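Biologist: Got a minute to go through this one with me? Put it on screen and we'll start with the overall layout.

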Amino acid sequence: MPSPSSPGVSARMSKQRRRDTGPEVSIRKLLHASGLRYRVAWSIPGMKRRSIDIAFTRAKVAIFVDGCFWHSCPEHATRPAVNDTWWSEKLAKNVARDMATNEHLKQAGWRVIRIWEHEDPSRAVERIVEAVTRAQAEC
């Protein structure tokens, strides 16, 4: 692992939120207001150190709210100029981990919805409500 490019960069990166981000909290508030109840940061069975951002455990619907930088959004992805090789590998591993998580959950009978941080929370909630309602009807 290369050393940080500067103490300032190291400090900023260590303060990045892993959960309860602004977009995630906005979506959760809208979901709660619509009457849906869910689990937050629910551990994924069979996958160490991985969790579902918003989990509807009975309906088996997993919601991930992905940051554009960390998950390489096709519209807004950027790469730092310093340590370019390391960052490219790091971000590619994040995308591969997301795909492996999706596959693991799908094989366990879950529906997986990934939402980009730039998406409109109201539209995202519409998609979620539709998926949860459909899943509940099938149970």
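**Layout and details**

Modeller: Running from the N terminus, the elements of the protein go α-α-β-β-β-α-β-α. Keep in mind that this is a predicted model.

Biologist: How many helices and strands does the protein have?

Modeller: There are 4 helices and 4 strands.

Biologist: And what share of the residues counts as buried?

Modeller: The protein has 139 residues, and 30% of them count as buried.

Biologist: What about contacts between residues far apart in sequence?

Modeller: Take contacts between residues at least 6 apart in sequence. Of those, 56% join residues at least 24 apart.

Biologist: Switching to helix packing. How do helix 2 and helix 4 cross?

Modeller: Helix 2 covers residues 22–33 and helix 4 covers residues 121–138. Their axes come within 9 Å and cross at roughly 55 degrees. Helix 2 and helix 4 are therefore oblique to each other.

Biologist: Left-handed or right-handed?

Modeller: Helix 2 passes helix 4 in a right-handed crossing.

Biologist: Which residues make that contact?

Modeller: Helix 2 brings Ser-26, Ile-27, Leu-30 and Leu-31. From helix 4 come Pro-121, Ser-122, Ala-124, Val-125, Ile-128 and Val-129.

Biologist: How do those residues divide into nonpolar, polar and charged?

Modeller: In the contact of helix 2 with helix 4, 8 are nonpolar and 2 are polar. No charged residue takes part.

Biologist: New topic: Asn-94. Where is it?

Modeller: Asn-94 sits in helix 3, which spans residues 84–107.

Biologist: Buried or exposed?

Modeller: Asn-94 counts as buried, because its relative accessibility is 3% and the cut-off for buried is under 20%.

Biologist: What does the side chain of Asn-94 reach?

Modeller: The backbone oxygen of Trp-70, at 2.9 Å.

Biologist: One more. Where does Thr-78 lie?

Modeller: Thr-78 is in the loop between strand 3 (61–66) and helix 3.

Biologist: What's the relative accessible area of Thr-78?

Modeller: Thr-78 has 46%, so this residue is partly exposed.

Biologist: What does Thr-78 touch, not counting residues up to four places away in sequence?

Modeller: With those left out, Thr-78 touches Phe-69 and Leu-91.

Biologist: And how are Thr-78 and Cys-68 placed, in sequence and in space?

Modeller: Along the chain, Thr-78 and Cys-68 are 10 residues apart. Their C-alpha atoms are separated by 8.3 Å.

Note on methods: Residues are numbered from 1 along each chain as its sequence is written. This is a predicted model: local features need pLDDT of at least 70, side-chain atom pairs count only at pLDDT 80 or more; totals for chains, interfaces and linings use all residues. Side-chain values use heavy atoms; hydrogens and water are left out. Helices (H or I, at least four residues) and strands (E, at least two) are DSSP runs, numbered from the N terminus. Buried means under 20% relative accessible area, exposed over 50%, partly exposed in between (1.4 Å probe, protein chains only). A polar contact is a pair of N or O atoms within 3.5 Å; within protein, one must be able to donate a hydrogen and the other to accept it, and residues adjacent in sequence count only if both atoms are side-chain atoms. Axes are lines fitted to C-alpha atoms, for helices over the stretch in contact, and angles run from 0 to 180 degrees between N-to-C directions. Angles under 35 degrees count as roughly parallel, over 145 as roughly antiparallel, 65 to 115 as roughly perpendicular and the rest as oblique. A crossing is left-handed if the near helix is turned anticlockwise from the far one by less than a right angle, and right-handed if clockwise. Contact means heavy atoms within 4.5 Å. Ala, Val, Leu, Ile, Met, Phe, Trp, Tyr, Cys and Pro count as nonpolar, Asp, Glu, Lys and Arg as charged, and the others, Gly among them, as polar.
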